[in-house]
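Reader: I'm in my first year and still learning how to read a fold. Could you take one part of this structure and walk me through it slowly?

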Amino acid sequence: MSTFRTLDSPGTSSSSSSSSSCSCSESTGPSARWQEVDCNGPSPSPRSGHTVIEHQGCLIVHAGYLEGMGPSAELSNDTYAFSFEDRRWRSLLCDGDIPPKVFGHTAILLGESMVVYGGQDFVRTQGVVSSLCLAAGPNGRYCWTTMVHPSNPYSPRPRWGHSAVSFGGEMIVFGGSTLHPSFPVLDDTMKFSVTSGWEPLCTTGTPPSARRRHSAVQHRHRMWVFGGRSSEDLFNDLYTLDLHTLVWTQIQPAVPVPLSLPLGKSGPKVPAKRTGHTACVAAHGTVMIIFGGLWLETKGGTGVSAVLNDVWALDLEQLRWIPLPADPEAAVSPQNALGDGSITPPAERSTYFSEGDPTRRDNRGGAPAWRSMGIAAEQKGVVWIHGGRDKARPFGDMFQLFITGTPAPTLLTLVAEYALRYQIL
């Protein structure tokens, strides 16, 4: 088995280094193992730009971008549930104020409802907030409701490509984009309450610049924002918003010691700049996982772009990036050896470029094809990835990502995760 080098935890010492230097230890480091899921039942059409929440042992998937471009593009506003237990898809039959067909919207779980906000259809951006009660009625159908608060005069700009997390029974939204040339990207932060509607948040500190198609996850009392793009730039920076004090902080994660990868290759120390990637909290709340996305040259007008399928973990306790290579025991074929390609800056390797073949895999234990605009959710320590698209077509496949070698969570971490997930605190 290959050997990985990992940083010692802060506060530990090493006899081979001084207290002012960074010490290291030889150990079997974290790795990623992929497994494609054989699904049952009528599955959703291949799509990207859709949303997912996890609720009572199911993934709830809504809407998305199917095919085409511009006003004639094929979009969706359907809703599906995927059961982890029997790996079966089922379509949720819905009534009420069904949201418009969009992609680039957000969805969060508030109580027993999925709350959906924003999105676009290539013609206009949406500002509607819709709620789907996840308890079926007597007829087995589900009901959508448009959430309107006439007494609240504040209404944010309609948007897409924003982020949203759930905290304290409210929806926290950051950034996004309009289709109006005067507001190509946004940098505002706001919250939505089921009882009182929208309210702008007066944040302080060092906020992220305006951006869209970034990722955001909630961990304890913080929202973590990574990557995305503006009209001119692509990002791989990291910010956190304290949801109690409303203070933004830019995070500079510790740089890990380069890993020893299969085939003797080495990889970068931080994720490449990207947009349209997926992210979720995993490993019992100890890491943030990011997967895939789109790298593009934003300056110079060359139009060069690359779709990614690398995996990174941000240790939320030690604040360091960890590249997750394949399980070293997975088969490695020299003829198809991309052991470093999945975590090498795309500008340096042509293997980052997707050619529209959804059957292509790299050597990372059957990893998904390169993709962006997919969705990710965690359930009992396993990350589930669905859909997305490369440069040519959308995907409808489902993958499990098993992460090995991460630190065992403390009792405090497990209690805090349970309390926040079920809104006890």
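Which residues does Tyr65 touch, not counting residues up to four places away in sequence?

Author: Happy to. Keep in mind that this is a predicted model.

Here's the list you asked for: Tyr65 touches Pro46, Arg47, Ser48, Ala73, Glu74, Leu75, Phe103, Phe122, Met373 and Arg389, leaving out residues up to four places away in sequence. Let's see where Tyr65 sits. Tyr65 belongs to strand 5, and its relative accessibility is 5%, so it counts as buried, the cut-off being under 20%. One name on the list, Phe103, is 38 residues away along the chain, yet the C-alpha atoms of Tyr65 and Phe103 are separated by 5.4 Å. There's a polar contact to look at too: a polar atom of the Tyr65 side chain lies 2.3 Å from the backbone oxygen of Gly68.

Now look at the strand next door. Strand 5 covers residues 58-67 and is joined to strand 6 by eight bridges, with the two running antiparallel. Leu75, which is on the contact list of Tyr65, is also its bridge partner in strand 6. Zoom out a little and you'll find an open sheet of four strands, in the order 4-5-6-7, with antiparallel pairing. Strand 4 and strand 7 (88-91) are at the edges with a single partner strand each, so one side of each has no neighbour in the sheet. From one strand to the next, the twist averages 25 degrees.

Back to the contact list, because another name there leads somewhere: Arg47 is one of the residues that Tyr65 touches. Arg47 makes a salt bridge with Asp78, and the closest N and O atoms are 2.7 Å apart. Arg47 is in the loop between strand 3 and strand 4 (51-55), while Asp78 is in strand 6 (residues 74-83), so this pair ties together parts that are 31 residues apart in sequence. How buried are the two ends? Arg47 has 1% relative accessibility, so it counts as buried; Asp78, at 24%, counts as partly exposed.

That salt bridge has company, since a search of the whole structure finds twelve of them. Try Arg159 and Asp188, whose side chains also meet in a salt bridge, at 2.7 Å from N to O. This pair links distant parts of the chain: Arg159 is in the loop between strand 12 (142-146) and strand 13 (163-167), and Asp188 is in strand 15 (residues 186-193), 29 residues apart. Arg159 is buried, with a relative accessible area of 0%, and Asp188 counts as partly exposed at 21%. Next come Arg371 and Asp397, with a salt bridge of 2.7 Å from N to O. Arg371 lies in the loop between strand 25 (320-323) and strand 26 (375-379), and Asp397 in the loop between strand 27 and strand 28, 26 residues apart. In this pair, both Arg371 and Asp397 are buried. You'll also find a network in which salt bridges with shared partners join Glu170, Lys191 and Glu199.

Glu170 gives us a way into another pair of strands. Strand 14 (residues 170-176) runs antiparallel to strand 13, and five bridges join them. Glu170 is the strand 14 bridge partner of Phe167. The two strands make a hairpin with two residues between them, and in the turn Gly168 has a positive phi of about 60 degrees. Five of the five residues of strand 13 are buried, so the strand is largely enclosed by the rest of the structure. Check which way they point: Ser163, Val165 and Phe167 go one way, and Ala164 and Ser166 go the other way.

To finish, find the largest nonpolar core, which has 19 residues; Trp34, Ile289, Val311, Leu324, Val383, Ile385 and Leu401 touch the most other members. Several strands each supply at least two residues of this core, among them strand 3 (31-36), strand 23 (287-296) and strand 24 (305-315). You've already met strand 3, as one of the strands flanking the loop that holds Arg47. And that takes you back to Tyr65, which touches Arg47.

Technical notes: Residues numbered from 1 in each chain as written. Predicted model: local features only at pLDDT ≥ 70, side-chain atom pairs only at ≥ 80, totals over all residues. Heavy atoms only, no water. Core = buried A, V, L, I, M, F, W, Y, C linked by side-chain atoms within 4.5 Å. Buried < 20%, exposed > 50% of the residue type's maximum accessible area, 1.4 Å probe, protein only. Salt bridge = Lys/Arg side-chain N within 4 Å of Asp/Glu carboxyl O. Pairing = 2+ DSSP bridges. Axes fitted to C-alpha atoms, helices over the stretch in contact; angles between N-to-C directions. Contact = heavy atoms within 4.5 Å. Polar contact = N/O pair within 3.5 Å; in protein donor to acceptor, adjacent residues only side chain to side chain.
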